[in-house]
Every structure is written in C-alpha cells, then in structure tokens.
Amino acid sequence: MRYIIIGAGAVGGAIGARLAGAGHEVVLVARGAQYAALREGGLRFRAPDGEHTHRLPVVDGPEALGALRGDDVLVLAVKTQDSEAALEAWGPVAVAGGATAGERLPVVCAQNGVESQRLALRHFRRVYGVCVWLPATFVEPGVVSAAGTPLTGILHIGRHPHGTDETARRIAADLATARFEAPVVPDVARWQYAKLLANLANAVEAVSGPIADDEARRLYARVRAEGEAVLGAAGIPYTSEREQKEVRGGRIRLVPLDGAERGGGSSWQSLTRGTGTIEADYLNGEIVLLGRLHGVPTPLNELLQRLANAFAREGRAPGSLPVAELVRLADEAVAAAEGSVAFVQEDPPGRS
C-alpha cells in the first residue's frame, strides 16, 4: 500500500518518516513553509537512533498526484480545525479504475480529539480512527522529532464508528515494521476519549507552559474532573488509566534529543510556530459541547478554550500567562458558574 500523509507535521511527519525508513511507499502532503522545506531539503527526522533525511515525494494538494491508486491509504494528520478542508479536497479525487477516493479508499484519522472521524464519514465510506500516543515535535520547517524508544509510538486503530477489518490489520502490520505498536481494536473511540481527557492539559501547557509543578498539576486535575463528569453524564465509555498503563507501560521511554527536553505538546507547538489557529475547540471545546448538551457546567474548559484561542489569534507567546494567574482566572470562572446555577435555581422560568 502507498501511504499519503495529509499533514506532514509532528504526527504525520513521524509516521511518514518511520514508514519510509521501513521501506514503505510514502507521499507527504504539506503547505506553506513546510512544503517548501520538504521539497528543498527533504524531511529531517530526529529520533533516539539518529537523524535521518527522507527525500520523499511532496505535494501541496491532490492535483499534483493525478488519479490515485487503488492501494492508496490516506492518513489524515492535520489539526482537526483543518480537517474539513482536507476532506473536501481529497474525497472527490478520481481513483484509477473508477470511482473516487471517498467511495473507494480508506482514510485514517491520526489526530487528537474525536471529531474528525465524524467529519470524514460525510466524505468517505471507509473511515478509520487512531488513538495517537506519539510524543513528537514540529516547530522548525522540514524538521520533525520523536523522542520515543524503543517504540516511536503506540497507535490503536479501528473502524469508525466501530469494528475492525482486514485493511486495519494490514495497516497495523505495516506500522509494526516501522517502530510502532498498532493494536487493532473494535472500540477505538474508547481509547480516543481517554486520550481526549489527557489532551485537556494541552491548553494549560499552551498558555502557561509545561505542567511541571503542583499548582499546575492541581489545576489540570480539576480540568480533567470536569471532563470525566461530562463523559459520565453523556454515557461515553473510555479506557481507565489502569488499562492504558497495562498496554503502554514500559513500552516507550522518552530520550532528550539534542541535549534538550521536549518543549511542549501539539497546542504549544502551534503557538510556537505562530499558525494563528489552535485545536482547543476540539479538545476542551469537545467537553464544553458535551457539557452543554447534557447539562453539566464546564467553566474551566470554557476558560481554557477561550484563552487558547485568544493566544493563537493574537500571536501571544506560549507559556506567557503565569500559572498563578491562570489559577486565579479558573477560580473566578468556577465561582461565576456556581453563582449562575444558584440564580437559575432561585428564579425559575415564569417567575420574577
């Protein structure tokens, strides 16, 4: 199978580099400075086993490839806020032998959050979800780093909305040759919702820096508790921390690259690159949405969603809001939400 990596950033670049290094056919899809850097100097992939430069075919859209092949696998690795545009671009592309990509080809959503698979089903018949556990960094055009060893990442994969099939098993087998563990599971969403709870920390990290002290850890625990309450109210199952540890524990060890620790996760990296957008609407915003649908207050996740978007929109430096100030804002948001609930309870509709 040929892998077309739509979004050759941290996750897409790492998957593409490892697949190419294992002898699989890979095409990278990028735009802007990343497209120019990949075309000029190839993909520089830094990992504990050294730096590797992969000179792979690079395109900025489907037009450059012409008709797609029947054995192509589309790996969607853009941020969720860019998913719709990518799906609209690739779904109608013709496939050699007849029909379109949306009708014939698998699209594999290797992204944070849970929304992209749902978006993909509007354009593709064969949609696969991936729970991405892949510590990777992309802050410099043309350069992607992944600090995990001996495995580069663990990628649970399954059909969306549920089930498994031979295509999922073939993709998993290819990933297994490329320093990934890729369990094929019929309930990949259960793993993705657990990852969503962990990713609620991304906005904290983006606005106030890595969660490295007790004050920041306590704040994240409160944010996560909101998320757990919402998933419980919505009846959405997710894997427990114990189950995750049993599967992942000891399989990946992070090694500092170039003598420095990894700076931050995907949201922090978006601010560092100055992209102008951030994925908070599909991480903290997913909890906010579910909370509103099921009557659960989510003041902390609302605050983080709003702050992360403001940081991206205004080009503010990642980590520039002191943790103490963020905690103060969080306490105010919770107090305001509690006051609002009390007001509603004391003044029901129809009374004044």
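The following dialogue asks how several terms are applied to this predicted model.

User: What makes S270 count as buried rather than exposed?

Analyst: A residue is called buried when its relative accessible area is under 20%. The value for S270 is 3%, so S270 is buried. This serine belongs to helix α11, residues 266-273. Leaving out residues up to four places away in sequence, S270 touches K79, T275, T277 and I278.

User: How do you know that C109 and C131 are in no disulfide?

Analyst: A disulfide requires two cysteine sulfur atoms within 2.5 Å. For C109, the nearest cysteine sulfur is that of C131, 13 Å away. For C131, the nearest is in turn that of C109, at 13 Å. The distance of 13 Å does not meet the cut-off of 2.5 Å, and therefore C109 is in no disulfide. The structure as a whole holds 0 disulfides.

User: Are these two cysteines buried or exposed, and how do you know?

Analyst: The cut-off for buried is again under 20% relative accessible area. C109 has 0%, so C109 is buried. C131 has 1%, so C131 is buried as well.

User: What makes a group of residues a nonpolar core, and which residues have the most contacts inside the largest one?

Analyst: The members must be buried residues of nonpolar kinds such as Leu, Ile and Val, joined through side-chain atoms within 4.5 Å. The largest core here has 40 residues, and those with the most contacts inside it are Y3, I15, V26, L28, L134, L155 and L175. Helix α1, residues 10-21, gives the largest share of this core, with 7 residues. Beyond its neighbours within four places in sequence, I15 is in contact with I5, A110, L134, L155, L175 and F180. Apart from this core lies another, of 37 residues, including L196, L197, V207 and I278. As a general tendency, nonpolar side chains in soluble globular proteins are buried together.

User: Why does the length of helix α13 agree with what is expected of a helix?

Analyst: Helix α13, residues 299-314, has 16 residues. The expected span is 1.5 Å times one less than the number of residues. That gives 22 Å, and the end C-alpha atoms of α13 are 22 Å apart, so the two values agree. After α13 comes G315, whose phi is positive, near 70 degrees.

User: What makes α13 "mostly covered"?

Analyst: The description rests on a count: 12 of the 16 residues of α13 are buried. Among them are P299, L300, N301, L303 and L304. Helix α8, residues 201-208, is also described as mostly covered, with 8 of its 8 residues buried. The buried residues of α8 include A201, N202, E205 and V207. Just after α8, G209 takes a positive phi of about 90 degrees.

User: Why are β4 and β9 called edge strands of their sheet?

Analyst: The open sheet to which they belong has 4 strands in the order β4-β3-β10-β9, with mixed pairing. β4 (50-54) and β9 (136-140) each have a single partner strand, so one side of each is left without a neighbour in the sheet. From one strand to the next, the twist averages 20 degrees.

User: How do you know that β9 and β10 are paired?

Analyst: Two strands pair if there are at least two bridges between them. Strand β10, residues 143-146, is joined to β9 by 3 bridges, so the condition is met. The two strands run antiparallel. One of the bridges links E140 with V143 in β10.

User: What makes β7 and β8 a pair, and in which sense do they run?

Analyst: The requirement is at least two bridges. Strand β7, residues 106-110, and strand β8, residues 126-133, share 5 bridges, so they pair, and the sense is parallel. In β8, the bridge partner of P106 is R126, while that of A110 is V130. Strand β8 is mostly covered, as 6 of its 8 residues are buried.

User: To which sheet do β7 and β8 belong, and what makes β5 and β13 its edges?

Analyst: They belong to an open sheet of 8 strands, ordered β5-β2-β1-β6-β7-β8-β12-β13, with mixed pairing. The edge strands are β5 (58-59) and β13 (180-181), each of which pairs on one side only. Helix α10, residues 241-248, packs on this sheet and touches β8, β12 (153-159) and β13. The direction of α10 makes about 115 degrees with that of β12.

Conventions:
Residues are numbered from 1 along each chain as its sequence is written. This is a predicted model: local features need pLDDT of at least 70, side-chain atom pairs count only at pLDDT 80 or more; totals for chains, interfaces and linings use all residues. Side-chain values use heavy atoms; hydrogens and water are left out. Buried means under 20% relative accessible area, exposed over 50%, partly exposed in between (1.4 Å probe, protein chains only). Contact means heavy atoms within 4.5 Å. Axes are lines fitted to C-alpha atoms, for helices over the stretch in contact, and angles run from 0 to 180 degrees between N-to-C directions.
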